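Me: Hey, can you walk me through this structure? I'd like to start with the backbone and then look at the ligand.

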Amino acid sequence: MIRYEEAQALIAKNIPPSQKESVTVLAALGCVIAEDIKSPLALPFFDNSAMDGFTFRAPNRPSRLVIRGTLKAGDPRSHIKPGEAWRIMTGAPVPYGADTVLAQEKAEIIQETLVLREPLPQGMNIRYKGEELRKGKKVISEGAIVTPATIGIMAGLGKNEAQIYKKPRVSVIVTGSELAAPGSDLSSGKIYDSNSAMVHAALMQMGIRPVFVKRLDDQPKKIKQVIGYALRESDLVILMGGVSSGDTDHVRPISKELGVETIFWKVSQKPGKPIYFGKKGNTLVFGLPGNPAAVFTCFYEYVYPAIRRFMGFREPHLGANFFPVRESIKADPEKTLFLKARIESSDGRSVVMTLGGQSSHMISSLQEANGILVIPSKRSVEQGREALVHLLPYGTEDGHAG
Ligand code: AMP
Ligand code: MG
């Protein structure tokens, strides 16, 4: 049995180096950029009008300028002669020979001439070529996370592809002869399978569409066939249930037969003590104990950071912060405790409270959870003292889905 920190270190050590690939800009959402992106052009790309108004060469004395026509956004850049003015729309190229734009609402027009009663400064209301970015300037650095803003920036530079670090191909297998599909009738002794949908959803929220999600009876032959297939087709296999040492716990011996090397089995923690981690070639295998709260905790504590490390995230773990506890919490003498918890804030002060239903077969209180409270062994926390909370990657501090 190893400790939580050792388990984390072993997983981190066994993640293969991130691989780059080119994908369409939209498909890069939520991924990590694998190259420095330099602007292939100056932005703005040409001098253009910041306003709807009139453009002309600013005269140095009161003048009347003949209005020649209209320049619209999308029109090619034109030429203008001294003594004339053109109507110009926002985004239209400022013509050669012009040096200023007068806002429409400030213009005095008399019989299609623009009356300027006093000299105007040059350069008014012009968005100059390259004022935001000069060509070749670094805009986005390797390691940046692709957000909708990133996608907008890249699109604005004319890029429709981006180099990112690959997402892993992930397979999900739950085992247990007691498991029934949600939507089906429950016969005697059966329970609904909550884990496969929960983990499937957690992956989807990370932008990962699993290769497959499969529910199997505790039947060694079939389990072997499906894990064998998953090992060939995946970078990461998530197995749930059947990882302890009971008569129907086939997952570890079968994985071993299929050539998976055990890196660890059992971590001194609650829930999720019999967690199993192994590797075949570059394919990682997580075996999560089947109790749903153990699956949830182990997913966010171990699988989530493993996937994010694979994807090149510099900070793969859940966000973390310290909060004062609302009630004293007793530590376990040996195990790290992961408690379903909720951070509540009022008047700028936050406290963390543990939720009901902490047993590993219970998940209903997770509906209210926005964090996992971490209590290392022997470190009881007195009321009002601070404890570490791992922040769930959804929702806000007041518990509403974001
Ligand atoms: P196991 O890890 O297979 O020993 O299962 C531990 C407990 O979790 C048992 O009570 C199982 O019935 C339950 N369990 C296993 N898999 C699931 C699942 N997919 N959904 C809900 N409960 C499960
Ligand atoms: Mg089982």
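Reply: Sure. This is a predicted model. Let's begin with Pro271, which is found in the loop between S19 and strand S20 (276–280).

Me: OK, and is the peptide bond from Lys270 to Pro271 cis or trans?

Reply: The bond from Lys270 to Pro271 is cis, and its omega is near 0°.

Me: Which residues does the other cis bond, with omega about -10°, join?

Reply: That one joins Leu43 and Pro44. You'll find Pro44 in the loop between strand S2 (37–38) and strand S3 (48–49).

Me: What about phi of Glu112, positive or negative?

Reply: Positive: phi of Glu112 is near 55°, and Glu112 isn't a glycine. Glu112 is in a loop too, between strand S8 (108–110) and strand S9 (113–116).

Me: Cool. Switching to pockets: what volume does the largest pocket have?

Reply: About 470 Å³. It's lined by 31 residues, and the closest to its centre are Glu178, Gly241, Pro289, Gly290 and Asn291.

Me: Which elements give two or more residues to that lining?

Reply: Three strands and a helix do: strand S13 (170–175), strand S15 (191–192), strand S19 (269–270) and helix H6 (292–310).

Me: And how does the lining of the largest pocket split by class?

Reply: You get 11 nonpolar, 13 polar and seven charged residues in the lining.

Me: So where's ligand 1 in all this?

Reply: Right there: the space that ligand 1 takes is the largest pocket.

Me: How many residues surround ligand 1?

Reply: There are 13 around ligand 1, and Glu178, Asp193, Asn195, Gly242 and Gly290 are the closest. By class, that shell has five nonpolar, six polar and two charged residues.

Me: What does the side chain of Asp193 do with ligand 1?

Reply: An N or O atom in the Asp193 side chain is 2.8 Å from a nitrogen atom of ligand 1. Asn195 has a polar side-chain atom 3.2 Å from a nitrogen atom of ligand 1.

Me: And Gly290, which part of that residue lies 2.7 Å from an oxygen atom of ligand 1?

Reply: The backbone: an N or O atom there lies 2.7 Å from the ligand's oxygen atom.

Me: Last one: how much of ligand 1 does the protein bury?

Reply: Ligand 1 exposes 480 Å² when taken alone, and the protein buries 77% of that.

Key
Residues numbered from 1 in each chain as written. Chains lettered and ligands numbered in written order. Predicted model: local features only at pLDDT ≥ 70, side-chain atom pairs only at ≥ 80, totals over all residues. Heavy atoms only, no water. 1 Å grid on protein atoms, 1.4 Å probe; cavity = no way out; pocket = protein on both sides within 12 Å on 5 of 7 lines; lining within 4 Å. Points joined across faces, edges and corners; volume = space filled by probe spheres on them. Helix = DSSP H or I, 4+ residues; strand = E, 2+ residues; numbered from the N terminus. Nonpolar A, V, L, I, M, F, W, Y, C, P; charged D, E, K, R; others polar. Near = heavy atom within 4 Å. Polar contact = N/O pair within 3.5 Å; in protein donor to acceptor, adjacent residues only side chain to side chain. Areas by Shrake-Rupley, 256 points an atom, 1.4 Å probe, with all protein chains shown as cover. Sits in = over half its atoms within 2 Å of the grid points.
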